[in-house]
Each structure stands twice: as C-alpha cells, then as structure tokens.
Amino acid sequence: MGRLIVLEGLDGAGTTTQARRLVEHLRAKGGKAHLTREPSDGPVGQLIRQMLTGGHAIPGQSIAQSTFGLLFAADRLDHLQREVEPQLAAGATVVSDRYYHSSLAYQGTGADRDWITMLNARARRPDLTIFLQVRPEVAAKRRADAGRVQELFEDLRMQEEVAAGYKATISELMAQGERIETIDGEASPDAVFGVILALVGSP
Ligand SMILES: Nc1ncnc2c1ncn2[C@@H]1O[C@H](COP(=O)(O)OP(=O)(O)OP(=O)(O)O)[C@@H](O)[C@H]1O
Ligand SMILES: [Mg+2]
C-alpha cells in the first residue's frame, strides 16, 4: 500500500510546482508515484473547474458556497474511488495537489464548518500533508506575475480569510493526530523542494 501525500497552500503558494517536482523525483529514484489534483480530472472535478472560471454563472448572483461544499466533497469521494485508492493499492505514492484541507479552509470557516467536516468524514486521511506557507500578498503577486486570470476565490481579502481558515483547519486536524507539516513557501523553489524531500524521505 502506497502513501498519500498532500500539498496545500493559498492560490499561488506553489503547490502545483512542488507536486510535479516531487513526483518526478520519486520516479527518478525508481519509485512508483502518481500525480493528481483536486478538483480532480473526473466528471465532478471538471464541472467544478468550469464553475470556478465562471461557466454556469447565474445571472446577477454568485454560486453559493454550500453548493461548492457539496461538489468538492462529491468530487473527493469519486476521486478516491476512481483514482487515488487504486493507485495506493498498486503501491504508488500518490501526491495530491490539494485535498480536504482546501474545503475546510475555503468553505468551512463560517456557519457551514460542521457540515463541511461531516461531508468529508469518509475521505481517507493522508499519510502526510505539507502546507506551503506564503503571505496572501506574496501569493497574489506570483499569480499576477504569471499572468493568471483571477478565479472566484482569489481576491486579496478572500485570500486573507482562506489563510486564517488554513490556520484553524491545520491546528484542528493536528489535534486529531493528523501529520501536517507547515513549511516556508516563500523561499526559492529549490529550497522549498529540499525541505519537502527531507519530509517525504525515499520512495
Ligand atoms: N518558491 C517560489 N518562489 C517564487 N515563485 C514561485 C515559487 N513557487 C512557485 N512560484 C511561481 O508562482 C506561480 C504559482 O505557482 P504554482 O502554480 O505552483 O502555485 P499553485 O499553488 O499551484 O497555485 P494555484 O493554487 O493557483 O494553482 C508560478 O508562476 C510559479 O512559477
Ligand atoms: Mg496550482
């Protein structure tokens, strides 16, 4: 049975960059590794991506957070069944670019917290989660420099709320015994990767 390793952080924290590098590295060392992400590439994940980039907009309204809470949780269980569990069973290290920590940090900060927690209660716990800590303004600058089109959750004030959401989520999950390592995501990509490798160890 392989390990499930999750990378988390604000939009622009570098999760995609580091997840790719980690999988490449594990493979180069002769290990079996599988790169994946949430929203997943399955049917529910594709729908979420369309909704996040403005597809399926409701004229004059924004789509309710509770709708996203349901969709993300549905995508997660589908992702686990369709992709993550089979890969783990085949002995691969699965590296996921985001997981339920994102749901708790993005959708689970307000009145919906217990409900979002319940929706995700059946999702397998990762073996290791690495949180790339980057200040919201630094993450925003990276997104702008990369010329990225702003998505629904990406304005600065919202990202500050998400940062607070991650903080609360991480302490709560760690208190339940989950292994979550918070590392400095503002260092150079090579330096961040070095710290990740030290945490992950060999394939
Ligand atoms: N440690 C770093 N220092 C400076 N720039 C970085 C670092 N890591 C990533 N970047 C750059 O910041 C931008 C965002 O990185 P990346 O796409 O990996 O972030 P992300 O966390 O996956 O963002 P999103 O959540 O929006 O997908 C990219 O242009 C990337 O090259
Ligand atoms: Mg990314």
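Reader: Why are α1 and α8 called oblique to each other?

Author: In this predicted model, the axes of α1 (residues 15-28) and α8 (residues 189-200) cross at roughly 55 degrees. Angles under 35 degrees count as roughly parallel, and 65 to 115 as roughly perpendicular. The crossing of α1 and α8 fits neither class, and the two helices are therefore oblique to each other.

Reader: What makes up the contact between α1 and α8?

Author: The axes come within 10 Å, and the crossing is right-handed. From α1, the contact takes Gln-18, Arg-21, Leu-22, His-25 and Leu-26. From α8, it takes Pro-189, Asp-190, Val-192, Phe-193, Ile-196, Leu-197 and Val-200. Sorted by class, these are 8 nonpolar, 2 polar and 2 charged residues.

Reader: Why are α6 and α7 called oblique to each other?

Author: Their axes cross at roughly 130 degrees. Roughly perpendicular covers 65 to 115 degrees, and roughly antiparallel needs an angle over 145. The value for α6 and α7 lies in neither range, and these helices are therefore oblique.

Reader: Which residues bring α6 and α7 into contact, and which hand does their crossing have, left or right?

Author: The crossing is right-handed, and the axes come within 9 Å. Pro-136, Glu-137, Ala-140 and Arg-143 of α6 meet Leu-156, Gln-159, Glu-160 and Ala-163 of α7. The contact has 4 nonpolar, 1 polar and 3 charged residues.

Reader: At what angle do α2 and α3 pack, and what makes up their contact?

Author: The angle is about 145 degrees, with the axes 8 Å apart. The crossing of α2 and α3 is left-handed. On the α2 side the contact includes Pro-43, Val-44, Gly-45, Leu-47, Ile-48, Met-51 and Leu-52. On the α3 side it includes Thr-67, Phe-68, Leu-71, Phe-72, Ala-74, Asp-75, Asp-78 and Arg-82. By class there are 10 nonpolar, 2 polar and 3 charged residues.

Reader: What makes the peptide bond between Glu-38 and Pro-39 worth a note?

Author: The bond is cis, with omega at about -5 degrees. Most peptide bonds are trans. Pro-39 sits in the loop between β2 and α2.

Reader: What is there to say about the phi of His-56?

Author: His-56 is not a glycine, yet its phi is positive, at about 60 degrees. Most residues other than glycine have a negative phi. The place of His-56 is the loop between α2 and α3.

Reader: How big is the largest pocket, and what lines it?

Author: Its volume is about 1000 Å³. The lining of the largest pocket consists of 44 residues, and those nearest its centre are Thr-15, Thr-16, Asp-97, Arg-98 and Arg-148. Two or more lining residues come from each of α1, β2 (33-37), α2 (43-52), α3 (65-89), α4 (100-106), α6 (136-145) and α8. The largest share, 6 residues, is that of α1.

Reader: How do the lining residues of the largest pocket divide by class?

Author: The lining has 16 nonpolar, 13 polar and 15 charged residues.

Reader: What is the volume of the second largest pocket, and which residues line it?

Author: The volume is about 150 Å³. Its lining is made of Tyr-100, Leu-104, Thr-117, Asn-120, Ala-121, Ala-123, Arg-125, Glu-172, Leu-173 and Gln-176. The elements that supply two or more of these residues are α4 and α7 (156-175).

Reader: How many residues in the lining of the second largest pocket are nonpolar, polar and charged?

Author: The division is 5 nonpolar, 3 polar and 2 charged. Tyr counts as nonpolar, so Tyr-100 falls in the nonpolar group of this lining.

Definitions and conventions. Residues are numbered from 1 along each chain as its sequence is written. Chains are lettered from A and ligands numbered from 1 in the order in which they are written. This is a predicted model: local features need pLDDT of at least 70, side-chain atom pairs count only at pLDDT 80 or more; totals for chains, interfaces and linings use all residues. Side-chain values use heavy atoms; hydrogens and water are left out. Axes are lines fitted to C-alpha atoms, for helices over the stretch in contact, and angles run from 0 to 180 degrees between N-to-C directions. Helices (H or I, at least four residues) and strands (E, at least two) are DSSP runs, numbered from the N terminus. A crossing is left-handed if the near helix is turned anticlockwise from the far one by less than a right angle, and right-handed if clockwise. Contact means heavy atoms within 4.5 Å. On a 1 Å grid over the protein atoms alone, a cavity is a set of points where a 1.4 Å probe fits but cannot get out, and a pocket is an open set with protein on both sides within 12 Å along at least five of seven lines; lining residues have an atom within 4 Å of a point. Grid points are joined across faces, edges and corners, and a volume is the space filled by probe spheres set on the points.
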